[in-house]
Amino acid sequence: MTSTRITDVRAWEALDSRGRPTVACAVTLAGGGTGRAVVPSGASTGGHEAVELRDGGDRYQGKGVSRAVANVGAVLAPAVVGHDADDRPAVDAALEATDGDRLLGGVGANAVLAVSLAVTLAAADQAREPLWRRLGGPEPLLPLPMVNIVSGGAHAGGLLDLQDILVVPVGAGSFAEAIEWASRVRAATADALAQRGVGGPLVADEGGLAAALDDNEAALAVVTEGIARAGLDGRVALAVDVAANQLRDGAGYRLRREGRTLDPTAWVDLLDGWCARYPVVSVEDAVAEDDWTAWRAASARWCPTRQVLGDDLFATDGDRLRRGVEAGVANAVLVKPNQAGTVTRAERVVAQARAAGYATVVSARSGDTEDSWLADLAVGWRAGQIKVGSTTRSERTAKWNRLLEIEATAPDARFAGAATLGGRAMTAAG
């Protein structure tokens with residue numbers, strides 16, 4: 001029997017960065033290799049992503065995952081014990097086959113992903129190779145980071161309608177330089193907010209700053225000011241995560257902070273004006289996930305010059321990405337393993353996007369963990385970009401620190417830089 005045969009699968013309930021339960025799993029192989037993973041969970045979730053299984057009831061305010069944990073032992077472990085961990089597509093296919101729901105809501109996508117990740121990590125451990133090398137070969141590509149600076153929406157109690165204003169260090173020559181620049185901008189933006197006397201700033205779910213600004217445009221303005229204060233004009237650009245599903249109100253988009261509702265055309269016009277006034281190189285989920293007409297209009301306007309990034313739109317799902325490519329919608333896809341449910345599904349979306357000429361951004365979730373495997377996925381898949389959160393909070397810095405380690409210790413490591421952005425958004429000028 002091969003040393004990579006799966007011999008043991010165990011799961012338990014752990015806590016994510018918001019103090020909510022999530023599924024943890026450990027896998028042991030015949031040769032002694034082990035893998036352990038704790039899966040993340042999102043606050044802003046789309047209608048097309050794989051479905052977590054939660055307990056309901058009083059325990060942990062209904063957020064417990066004891067049923068998902070039980071399903072690992074009763075359903076998923078019997079399906080994969082005896083399989084070869086080196087054949088991850090077969091292992092993940094066996095996991096997916098336990099649930100008649102494509103979105104894995106029966107056994108729980110949180111349970112399925114925990115096993116899939118632990119198996120992937122165990123195979124790398126057995127081979128005595130870093131996960132990134134096991135996934136992608138000998139030439140590691142360090143991703144361009146997209147770093148959260150100011151948050152609103154579901155990440156910050158609705159202090160803003162927009163979910164996140166992020167920075168992209170488009171002029172950086174290394175990953176280490178990119179993270180230092182982002183940290184400098186965050187500190188400068190915190191100073192700018194303090195001088196505005198907006199009551200804070202507070203810290204949001206992903207480590208970004210949160211403050212009660214007058215309106216949504218003020219968030220773009222204050223981060224742009226932070227870039228200038230940091231002395232990084234022209235070298236650091238903005239990215240906007242709209243999370244428009246949360247703004248959808250009937251046929252329009254509701255800005256509750258500003259007390260107005262805009263039809264899709266007026267909404268896209270408003271975003272377009274912000275893009276013209278500020279150094280925005282990437283716009284994520286500008287309109288709602290199923291508003292394909294508005295997506296086509298926004299893509300026609302922005303794709304030539306900016307990255308138009310689909311998160312809830314694509315949900316790390318190959319079928320939705322295929323529809324988007326055929327419709328000429330967006331030019332980049334956010335890749336979240338827990339949206340897909342297995343490592344193999346997420347990996348296939350990366351390959352599919354690359355074949356279509358779409359940029360890829362590997363992403364953490366708002367409820368994340370101290371695990372660093374996401375960094376290795378981004379490097380091994382040569383995704384080109386990564387979105388983790390801000391430069392504070394240990395569940396965020398764990399990923400940044402892993403990337404810093406890879407850059408420092410892998411002699412063949414190369415930094416992707418701004419060339420990986422979708423569209424022609426190659427510099428802060430767009």
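This passage walks through strand pairing, helix packing and a few individual residues in a predicted model.

Because the model is predicted, local features need pLDDT of at least 70 and side-chain atom pairs count only at pLDDT 80 or more, while totals for chains, interfaces and linings use all residues. Residues are numbered from 1 along each chain as its sequence is written, and side-chain values use heavy atoms, with hydrogens and water left out. Helices (H or I, at least four residues) and strands (E, at least two) are DSSP runs, numbered from the N terminus.

The N-terminal strands make a handy starting point. Strand β1 (residues 6-15) pairs with β2 (residues 21-29) in the antiparallel sense over nine bridges; for two strands to count as paired, DSSP has to find at least two bridges between them. Within this pairing, V9 sits opposite V27 of β2. The two strands make a hairpin with five residues in between, and G19 in that turn has a positive phi of about 80°. On to the next partner: β2 and strand β3 (residues 34-38) are joined by five bridges and run antiparallel. Here A24 faces V38 in β3. This is a hairpin too, with four residues between β2 and β3, and G32 in the turn shows a positive phi of about 100°. As for burial, seven of the nine residues of β2 are buried, so the strand is largely enclosed by the rest of the structure. The cut-offs for that word are simple: buried means under 20% relative accessible area, exposed over 50%, and partly exposed in between (1.4 Å probe, protein chains only).

Further along the chain, three strands form an open sheet in the order β10-β11-β12, with antiparallel pairing. Its edge strands, β10 (248-249) and β12 (260-262), each pair on one side only. Strand β11 (residues 252-255) runs antiparallel to β12 and is joined to it by three bridges. R254 has T261 in β12 as its bridge partner.

Now for the helix pairs. Helix α5 (residues 175-196) and helix α6 (residues 217-229) have axes that come within 8 Å and cross at roughly 120°. Axes here are lines fitted to C-alpha atoms, for helices over the stretch in contact, and angles run from 0 to 180 degrees between N-to-C directions. The pair is therefore oblique: angles under 35 degrees count as roughly parallel, over 145 as roughly antiparallel, 65 to 115 as roughly perpendicular and the rest as oblique. α5 passes α6 in a right-handed crossing, meaning the near helix is turned clockwise from the far one by less than a right angle (anticlockwise would be left-handed). The contact (heavy atoms within 4.5 Å) involves V185, A188 and L193 of α5, among others, and residues including A221, V222 and I227 of α6. By class, this contact has nine nonpolar, three polar and four charged residues. Ala, Val, Leu, Ile, Met, Phe, Trp, Tyr, Cys and Pro count as nonpolar, Asp, Glu, Lys and Arg as charged, and the others, Gly among them, as polar.

Helix α12 (residues 373-380) and helix α13 (residues 394-409) also have axes that come within 8 Å, crossing at roughly 45°. These two helices are therefore oblique to each other, and their crossing is right-handed. L374, A375, D376 and V379 of α12 make the contact with K399, R402, L403 and I406 of α13. That gives five nonpolar, no polar and three charged residues.

Two residues of helix α1 (residues 66-80) are worth a look. N71 is found in this helix and is buried, with a relative accessible area of 17%. Not counting residues up to four places away in sequence, N71 touches L53, L76, G106 and V107. A79, also found in α1, counts as partly exposed at 21% relative accessibility. Leaving aside neighbours within four places in sequence, A79 is in contact with A94 and T98.

Finally, some backbone oddities. Most residues other than glycine have a negative phi. A243, not a glycine, has a positive phi of about 55°; this residue lies in the loop between β9 (237-241) and β10 and is buried, at 4% relative accessible area. D285 has a positive phi as well, near 45°. D285 lies in the loop between β13 (280-284) and α8 (292-302) and counts as buried at 2% relative accessibility.
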